[in-house]
Structure formats: structure tokens, C-alpha cells
Amino acid sequence: MKKLMCLLAVGAMVLLTACSGGKIGVWSANKNQVDVASLPPMRVVGLSVVVPESLSVSEADGYKPVADILWREDPYGDRHAQVKTILTDGITRGTRKLYGDLPVVLHVELVRFHAVTQRTRYAFKGVHEIEFMLSVKNARTGDTIVPSYLVDATFGSFGGAQALEAERAGITQKVRILNQLDEVIRQELTGKPAKVAN
């Protein structure tokens, strides 16, 4: 009976993975398998940020429009370029604080950048969903130190009165996202926990 239950459980897991289009397996494979804390301290000397044009964009003002990119705080325009600037600025800010002896080059490719709409922001709290692939190469040899894996920088957004109060204090969505990217990239490159976004 125990063997039958185990077989049924394994079968259910296989079926769920198949129904998800294999995404579960892909995400598992993309987790960082390198203990960066065991590597020599890094110094970032190069950064490449890619925001694929294939990522979908939404300008809808629903509570949670379906899209890869949702960004409203900059004026209407090229959202791919705007998000690339935010990623570059946030990651650069974080890497400037690394003074290790090992020179490295980072490659970042955006998977998802889904901030919140005005409707969500002023009604209730939401979530800033930010995910990107990260790989690290030795700048001297070109060897891959950390193979490409998924970094999840998702964090909670402010909402309602809290959002209005933050805006009056100059703490915009962009400010919070830049701070989050700063903390997260340092965590990924040092193995030290990031602070919770304020």
C-alpha cells in the first residue's frame, strides 16, 4: 500500500510539471548552484543588461494587467528602455560597494518587471515582481564563475495612504526598486542576506 501511495505521489508531481509546461523544472535548473561566499571577493568591472524586445508590455490600468513589463512612473514611452535604465542603475549602485580582488563581468537578462498600476497603488498594497537571469564571468580569463540562474528580486509595494505618504516624502516606486536592486545584487555576489526593502 505504501509503495502504491509513493507511486501515485510521484505520478502526480510528474503530471503537475507537465501541465505547467515544464516551468517548474526550468526554474529549478536555474537556481544558483555556486556558493558565492566561498569565492574570492568580487569587484565588478563590466555589466551587460539585456531587456528582450520579445517581453510584452501593458499600459492597461487594471489591478494586475497580464504582461512581462508593467511600468508607469516614467512618462509614456519606450518601457523596455526605461526598465533597462532602472535595472542598470540599481545593479550598478550595488556593485560599486564591492571592492574585492577578483574582477568580474555580469550579464543580466530581464525576465519580468511588473510594478503596480495607479489603480492598485492607491487602493491597496501590491507586489513589485522583478526577475532576471544573472551570470558572472572572470574578467581576466572570460571563464564563467557563476552560470546563468534566476534571481527573484520581488518585494511588496506600498499601497493606499502609505503610498501617498511615501510619495510626499520622495520615496517613489522607482526609489524603492533601485534600493531593492542595490541590496539584492550585493546579496547575490557576496552571499550575505539583503535588507528588506523599506
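## Largest pocket

Ala, Val, Leu, Ile, Met, Phe, Trp, Tyr, Cys and Pro count here as nonpolar, Asp, Glu, Lys and Arg as charged, and the others, Gly among them, as polar. By that division, the lining of the largest pocket has nine nonpolar residues, two polar residues and one charged residue. The model in which this pocket is found is a predicted one.

The space in the largest pocket comes to about 150 Å³. Its lining includes Val36, Ala37, Leu39, Pro40, Pro41 and Met42. Leu98, Tyr99 and Gly100 also line the pocket, as do Leu189, Thr190 and Lys192. Because Gly counts as polar and Lys as charged, Gly100 is placed with the polar part of this lining and Lys192 is its charged member.

## Strand pairing around S3

Strand S3 covers residues 102-114 and runs parallel to strand S1, residues 42-50, with eight bridges joining the two. One position in this pairing is Arg43, whose bridge partner in S3 is Pro103. S3 also pairs with strand S2, residues 69-70, again in the parallel sense, over two bridges. Here Leu70 stands opposite His114 of S3.

With strand S4, residues 127-138, the sense is antiparallel, and S3 and S4 pair over 10 bridges. In this pairing Leu106 has Val136 of S4 as its bridge partner. In a regular strand the side chains alternate between the two faces of the sheet.

## Salt bridges between distant parts of the chain

The whole structure contains eight salt bridges. One of them joins Glu59 and Arg79, with 2.8 Å between the closest N and O atoms. The two residues are 20 apart and belong to distant parts of the chain: Glu59 is in the loop between S1 and S2, and Arg79 is in helix H3, residues 79-95. Are the two partners buried or partly exposed? Glu59 has a relative accessible area of 35% and is partly exposed, whereas Arg79, at 5%, is buried. The cut-off for buried is under 20% relative accessible area, which is why Arg79 at 5% falls into that class and Glu59 at 35% does not.

Asp74 and Lys174 form another salt bridge, their closest N and O atoms being 2.7 Å apart. This pair also links distant parts of the chain, 100 residues apart, with Asp74 in the loop between S2 and H3 and Lys174 in helix H6, residues 173-190. Asp74 counts as buried at 16% relative accessibility. Lys174, with a relative accessible area of 26%, is partly exposed.

## Salt bridges in helix H6

Arg186 and Asp182 meet through their side chains in a salt bridge of 2.9 Å, N to O. Both residues lie in helix H6, where they are four residues apart, about one turn of the helix. Arg186 is partly exposed, its relative accessible area being 22%. Asp182 counts as buried, with 5% relative accessibility.

Which residues are linked with Asp182 and Arg186 in a network of salt bridges? Lys97 and Glu183 are the other members of that network.

## Loop between S2 and H3

The structure holds one aromatic pair. Trp71 and Phe113 form this pair, which is edge-to-face, with 5.7 Å from centre to centre and 85° between the planes. Trp71 is in the loop between S2 and H3 and Phe113 is in strand S3, so the pair, 42 residues apart, links distant parts of the chain. Both Trp71 and Phe113 are buried.

Arg72 has its place in the loop between S2 and H3. Its relative accessibility is 13%, and Arg72 therefore counts as buried. The C-alpha atoms of Arg72 and Gln118 are separated by 7.9 Å, although the two residues are 46 residues apart along the chain. Asp74, described above for its salt bridge with Lys174, is in the loop between S2 and H3 as well.

## Gly159 and Tyr122

Gly159 is in the loop between strand S6, 155-156, and helix H5, 160-168. With 10% relative accessibility, Gly159 counts as buried. From C-alpha to C-alpha, Gly159 and Tyr122 are 5.6 Å apart in space, while in sequence they are 37 residues apart.

Definitions and conventions
Residues are numbered from 1 along each chain as its sequence is written. This is a predicted model: local features need pLDDT of at least 70, side-chain atom pairs count only at pLDDT 80 or more; totals for chains, interfaces and linings use all residues. Side-chain values use heavy atoms; hydrogens and water are left out. Two strands pair if DSSP finds at least two bridges between them. On a 1 Å grid over the protein atoms alone, a cavity is a set of points where a 1.4 Å probe fits but cannot get out, and a pocket is an open set with protein on both sides within 12 Å along at least five of seven lines; lining residues have an atom within 4 Å of a point. Grid points are joined across faces, edges and corners, and a volume is the space filled by probe spheres set on the points. A salt bridge is a side-chain nitrogen of Lys or Arg within 4 Å of a carboxyl oxygen of Asp or Glu. Buried means under 20% relative accessible area, exposed over 50%, partly exposed in between (1.4 Å probe, protein chains only). Rings of Phe, Tyr and Trp (its six-membered ring) pair if their centres lie within 6.5 Å; planes under 30 degrees apart count as stacked, over 60 as edge-to-face and the rest as tilted.
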